[in-house]
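Work through these short exercises with the structure open. Try each task before you read its solution.

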Amino acid sequence: MEHVIIYADGSCKGNPGPGGWGAWIKYGNVEKELFGGEILTTNNRMELLAVIKAISVLKRPCSIKIYTDSVYVQKGMTEWLAGWKSRNWKTSDKKPVKNEDLWRQLDEVSQGHQIEWNWVKGHSGDLGNERADSLANRGVEEILNV
């Protein structure tokens, strides 16, 4: 099984507002950068989309270490997802799960992979996180320059 490292980040100028997502993927000697954006979105949606896009480019089941500065993404996948699914996509207080469409996509693209979800403090000098942040900002810039 291939060992893959993914750093993913989202960015939003205003919340909601124009946003971008970025991901840096490393496997073996290969590196890949991904980024994009949306004109009207939220930071949490961009954080989720960064991970979805990164996992989606993998062509076979992999052992993945994902690094995110989003507690929302990390806890969502490690602590909350199973409960949301068991309650038909409702929170513990019976409200609809926010960003359900993207949580469903992330759940689907994660299937078949062995994933370790790691939280890293943002803007603290972690090179992978800084690179993903830079890519997310490129995604915002690209949207704003269209």
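Two strands count as paired if DSSP finds at least two bridges between them. Keep in mind that this model is predicted.

**Exercise 1. Find how strands β1 and β2 are joined, and which residue of β2 stands opposite cysteine 12.**

Solution.
Step 1. Locate the strands: β1 covers residues 2–12, and β2 covers residues 17–27.
Step 2. Count the bridges. Eight of them join β1 to β2. Pairing needs at least two, so these strands pair.
Step 3. Check the direction: β1 and β2 run antiparallel.
Step 4. Look across from cysteine 12. Glycine 19 in β2 stands opposite.

**Exercise 2. Follow β2 into β3 and describe their hairpin.**

Solution.
Step 1. Count the bridges again: β2 and β3 are joined by 10. These two strands also run antiparallel.
Step 2. Pick a facing pair. Threonine 41 in β3 lies opposite glycine 17.
Step 3. Inspect the turn. Two residues lie between the strands of this hairpin. Glycine 28 has a positive phi there, near 60°.

**Exercise 3. Write down the strand order of the sheet and name the edge strands.**

Solution.
Step 1. Read across the open sheet of five strands: β3-β2-β1-β4-β5. The pairing is mixed.
Step 2. Go to the edges, where β3 and β5 (114–119) stand. Each has a single partner strand, so one side of each has no neighbour in the sheet.
Step 3. Note the twist, which averages 20° from one strand to the next.
Step 4. Add helix α1, residues 43–56, which packs on the sheet. Helix α1 touches β1, β2, β3, β4 (62–68) and β5. Its direction makes about 155° with that of β1.

**Exercise 4. Decide whether isoleucine 39 is buried or exposed, and find its surface partners.**

Solution.
Step 1. Place isoleucine 39: it belongs to strand β3, residues 30–41.
Step 2. Apply the cut-off. Exposed means over 50% relative accessible area. Isoleucine 39 has 56%, so it counts as exposed.
Step 3. Find the partners. Ile39 forms a nonpolar surface patch with Leu40 and Leu144. Together they have about 340 Å² of accessible area.

**Exercise 5. Describe the surroundings of asparagine 44.**

Solution.
Step 1. Place asparagine 44: it sits in helix α1.
Step 2. Grade its exposure. Its relative accessible area is 29%, so asparagine 44 is partly exposed.
Step 3. List its contacts, leaving out residues up to four places away in sequence: Tyr72 and Asn99.
Step 4. Compare sequence with space. Asparagine 44 and proline 16 are 28 residues apart in sequence. Their C-alpha atoms are 9.8 Å apart.

Notes:
Residues numbered from 1 in each chain as written. Predicted model: local features only at pLDDT ≥ 70, side-chain atom pairs only at ≥ 80, totals over all residues. Heavy atoms only, no water. Patch = residues over 30% accessible without salt bridge, like charges linked within 9 Å, V, L, I, M, F, W, Y side chains within 5 Å. Areas by Shrake-Rupley, 256 points an atom, 1.4 Å probe, with all protein chains shown as cover. Salt bridge = Lys/Arg side-chain N within 4 Å of Asp/Glu carboxyl O. Helix = DSSP H or I, 4+ residues; strand = E, 2+ residues; numbered from the N terminus. Buried < 20%, exposed > 50% of the residue type's maximum accessible area, 1.4 Å probe, protein only. Axes fitted to C-alpha atoms, helices over the stretch in contact; angles between N-to-C directions. Contact = heavy atoms within 4.5 Å.
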